[in-house]
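Q: I would like to practise reading a protein model feature by feature. Could you walk me through one?

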Amino acid sequence: MHRTTDHFLTTKISKVIYAGYCRTSSQGQRDDRTIETQVSLIEKFGKERGFQQGQMFLDDGVSGNTTFEERPGLRALLDYLKNNPQVEYIIITRYDRLGRNLIKTEAIIQLFQNLGVKLLVIENPYLMNNANSMVLLRHVMGSIGEYEKTLICERLKEGRNRKSSSGLFSGGRVPYGFSISREEKNQNKSDLVINENESKNIKLIFEMKKKK
């Protein structure tokens, strides 16, 4: 039988095995290496309680609005739990690391519960208590997460539109044959300039096509 959440918060327990899950949702977070921060917090949390660390699973640059099928790290975690029934807990830093869609997040939690594994949230260790007040709090936090996600998307869209209307690069994959101007990048006004090395290859392709 699994230990209750309240019990391990006040007592160090030996040989409790946990797995960690970390997620970032954007390229900017990947560049800032925020996923390493999450890993460090989880390892510290487990070590302070005398837990034995299992594997750490990462979804770096994956939207919180996706289902578990769309997350390689989360899928690997579920497979790991199925094959390692000795794992008792999954540790995450914040509730929104599981997702920013209430229904999808609760579906993921249900998958963990079906496997007999408890979820620990470092920011609020009592959050996964199934008391009515905690379930309500989770739902409120999930709804706020969805709202924040909507605001983020709106701001990004507005920012891209402003850049496009100013004739600047609005983001996304840089087309082959171009690079982002270093000077413009330092001013936070990204613009595209011709990449001389890649442009040679493009010219060569057109020349070869003409000879056919």
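The dialogue below goes from the overall fold to single helices and residues.

A: Happy to! Keep in mind from the start that this is a predicted model.

Q: Let's begin with the whole protein. How many helices and strands does the secondary structure come to?

A: The count is 8 helices and 6 strands. Along the sequence, they follow the pattern α-β-α-α-β-α-β-α-β-α-β-α-β-α.

Q: What share of the residues counts as buried?

A: Of the 212 residues, 34% count as buried. The accessible surface is about 13300 Å², and carbon and sulfur atoms hold 52% of that. Contacts add another view: among those with a separation of 6 or more, 63% are between residues 24 or more positions apart.

Q: Which residues touch the most other members of the largest nonpolar core?

A: That core has 21 residues, and the ones touching the most other members are Y21, L77, L81, I90, L98, F112 and L119. At least two residues come from each of β1 (17–24), α4 (72–83), β3, α5 and β4 (118–121). The element that gives the most is α4, with 5 residues. There is also a second, separate core of 11 residues, which includes V16, Y18, V39 and F51.

Q: Now a single helix, please. How does the reach of α5 compare with the expected value?

A: Helix α5 covers residues 102–114, which is 13 residues. From first C-alpha to last, α5 reaches 18 Å, close to the 18 Å expected at 1.5 Å a residue.

Q: Which residues of α5 are buried, and where do they fall when seen down the axis?

A: First, the general idea: an α-helix has 3.6 residues a turn, so residues three or four places apart point the same way. In α5, the buried residues are L102, T105, E106, I108, I109 and F112. Looking down the axis of α5, they fall within an arc of 155°, so they line one face of the helix. On the other side of α5, I103 and N114 are exposed.

Q: What caps the N-terminal end of α5, and what follows the helix?

A: The cap is N101: one of its side-chain oxygens lies 3.2 Å from the backbone nitrogen of I103. After α5 comes G116, which has a positive phi, near 75°.

Q: And the loop before α5: is D96 buried or exposed?

A: D96 sits in the loop between β3 (87–92) and α5. Its relative accessibility is 9%, and the cut-off for buried is under 20%, so D96 counts as buried. The side chain of D96 makes a polar contact of 2.7 Å with that of R94.

Q: Can we contrast that with another helix? How many residues of α8 are buried?

A: Helix α8 spans residues 196–211. Of its 16 residues, the number buried is 1, so α8 lies largely in the open. Its end C-alpha atoms are 23 Å apart, which agrees with the 22 Å that 16 residues should span at 1.5 Å a residue. The N-terminal end of α8 is capped by N195, with a side-chain oxygen 3.1 Å from the backbone nitrogen of N197.

Q: One last residue: where does L41 lie, and what is it in contact with?

A: L41 belongs to helix α3 (residues 34–48). With a relative accessible area of 42%, L41 is partly exposed. Setting aside neighbours within four places in sequence, L41 is in contact with T93 and I122. Also, L41 and I91 are 50 residues apart in sequence, yet their C-alpha atoms are 9.8 Å apart in space.

Methods: Residues are numbered from 1 along each chain as its sequence is written. This is a predicted model: local features need pLDDT of at least 70, side-chain atom pairs count only at pLDDT 80 or more; totals for chains, interfaces and linings use all residues. Side-chain values use heavy atoms; hydrogens and water are left out. Helices (H or I, at least four residues) and strands (E, at least two) are DSSP runs, numbered from the N terminus. The expected span of a helix is 1.5 Å times one less than its number of residues. Buried means under 20% relative accessible area, exposed over 50%, partly exposed in between (1.4 Å probe, protein chains only). The arc is that of the directions from the helix axis to the C-beta atoms. A polar contact is a pair of N or O atoms within 3.5 Å; within protein, one must be able to donate a hydrogen and the other to accept it, and residues adjacent in sequence count only if both atoms are side-chain atoms. Contact means heavy atoms within 4.5 Å. Accessible areas come from the Shrake-Rupley method with a 1.4 Å probe; for residues, only the protein chains shown count as cover. A nonpolar core is a set of buried Ala, Val, Leu, Ile, Met, Phe, Trp, Tyr and Cys residues joined through side-chain atoms within 4.5 Å.
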